[in-house]
Amino acid sequence: MPIEDRFLDRLPAALRDRVRCGVPLRDLTTLRVGGPAAVVCPADNPEQARRFHEAALHAGWPLFALGGGSNVLADDAGYRGVVLHLTGCDCTVRGDTITVSAGLGLDDLVARSLGEGLAGLAFASGIPGTVGGALAGNAGCYGHEIGEFVREAVVLTRDGDVRRIGPRECGFRYRGTALRDEGAILLEAVLQVPAGDLAAAAAERALHLADRLAKHPVTEPSAGSWFRNLEPAVPGERRRAAGELLDQVGAKAMREGDAAVFAKHANIIVNLGRAGSGDVRRLAARMQAAVRERFGVDLAPEVRDLGPGAPLT
Ligand SMILES: Cc1cc2nc3c(=O)[nH]c(=O)nc-3n(C[C@H](O)[C@H](O)[C@H](O)COP(=O)(O)OP(=O)(O)OC[C@H]3O[C@@H](n4cnc5c(N)ncnc54)[C@H](O)[C@@H]3O)c2cc1C
């Protein structure tokens, strides 16, 4: 039996109807690169996610959790496996506690929390993608990270169990979590957000949104910063921006096919039109090599490379 059928056979009819085959990943990622995924499964709630996951295990297929696709590079060959697209976007606010589904846009969460009188998330204004993607990678900027606010998370483990865990088990660190290392999928989160000074938070939000418009690509597709910032030389000090080093090696002039380094930010790769995954990987490798040669530093990618999934048999 073909693997697609083995996967679909395991699903109840209502879920089978949700599955989309052969969806180009360029349509689901902000860099606009990537060929067809074998199957894309939109999950609006934890039970749907669990059923899709179980069917993937049964078919022996790899599974990749996708949120807003703002931090991934998909392959031109597509993805031979299951793309679990977290699309649930419920959000309930009680006092300073927010319960939110993984698929809600992070910036929508920021706007909603400010509307409810909670100031603490203003720092995250304008970060693209979903709550799930942000938590999985502990997204952050302007001195804060989303993990600081997490009190509980509902996750789907690699073995297919749905569990409620605390922040310690999530293992938040700079742009990473134990959650992601273990292949767990975030389904829901409970955040505690301080009320703070609302007028100051609204002003902070406006400032960050304007800053992003000025410094980040707006019309050109991108996936945000390509490389992680450097570990501080002394613990507790600030990380050195990878973009600083890339600027000094002339990265802004680098281009491979339609993949180019953004003119205003040496750590961002943009798609000028028809860039393929090969162009992007070649460009990233050149950027990395130039920094290694000049500074003896190995830049580590922040963007997740989906790869082609299961090998063709
Ligand atoms: C213009 C621009 C600016 C950006 N600025 C910032 C910034 O200031 N700070 C910052 O931290 N990032 C920034 N980013 C990167 C990106 O927006 C964040 O990493 C974002 O949190 C990714 O969320 P997503 O939903 O798009 O994740 P995706 O791109 O869909 O996925 C990214 C990774 O998270 C995993 N993932 C997604 N959802 C889940 C889930 N529910 N459970 C488990 N794993 C999951 C995926 O498997 C993948 O490994 C920027 C990106 C762009 C394009």
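In this predicted model, an oxygen atom of the ligand sits 2.9 Å from a polar backbone atom of Gly-69. Two further backbone contacts join it in the table.

| Ligand atom | Protein partner | Distance |
|---|---|---|
| oxygen | polar backbone atom of Gly-69 | 2.9 Å |
| oxygen | polar backbone atom of Asn-71 | 2.8 Å |
| nitrogen | polar backbone atom of Gly-133 | 3.4 Å |

How much of the ligand does the protein bury? Taken alone, the ligand exposes 960 Å², and the protein buries 92% of that.

Several elements give two or more residues to the shell around the ligand. They are strand S3 (63-66), helix H5 (131-136), strand S8 (140-141), strand S12 (185-192) and strand S13 (222-225). H5 gives the most, with 4 residues. There are 33 residues around the ligand. Ala-65, Gly-67, Ser-70, Thr-130 and Arg-212 come nearest. By type, the shell divides into 16 nonpolar, 13 polar and 4 charged residues.

Now to helix H4, which spans residues 106-115. Its buried residues are Leu-106, Leu-109, Val-110, Ser-113 and Leu-114. They cover an arc of only 130° around the axis, so they lie on the same side of H4. An α-helix has 3.6 residues a turn, so residues three or four places apart point the same way.

What do the buried residues of H4 pack against? Their partners are strand S6 (91-94), strand S7 (97-101), H5, S12 and helix H8 (198-215). H5 and S12 also give residues to the shell around the ligand. Just after H4, Gly-117 takes a positive phi of about 85°.

Definitions and conventions:
Residues are numbered from 1 along each chain as its sequence is written. This is a predicted model: local features need pLDDT of at least 70, side-chain atom pairs count only at pLDDT 80 or more; totals for chains, interfaces and linings use all residues. Side-chain values use heavy atoms; hydrogens and water are left out. A residue is near a molecule or strand if one of its heavy atoms lies within 4 Å of it. A polar contact is a pair of N or O atoms within 3.5 Å; within protein, one must be able to donate a hydrogen and the other to accept it, and residues adjacent in sequence count only if both atoms are side-chain atoms. Accessible areas come from the Shrake-Rupley method with a 1.4 Å probe; for residues, only the protein chains shown count as cover. Ala, Val, Leu, Ile, Met, Phe, Trp, Tyr, Cys and Pro count as nonpolar, Asp, Glu, Lys and Arg as charged, and the others, Gly among them, as polar. Buried means under 20% relative accessible area, exposed over 50%, partly exposed in between (1.4 Å probe, protein chains only). The arc is that of the directions from the helix axis to the C-beta atoms. Contact means heavy atoms within 4.5 Å.
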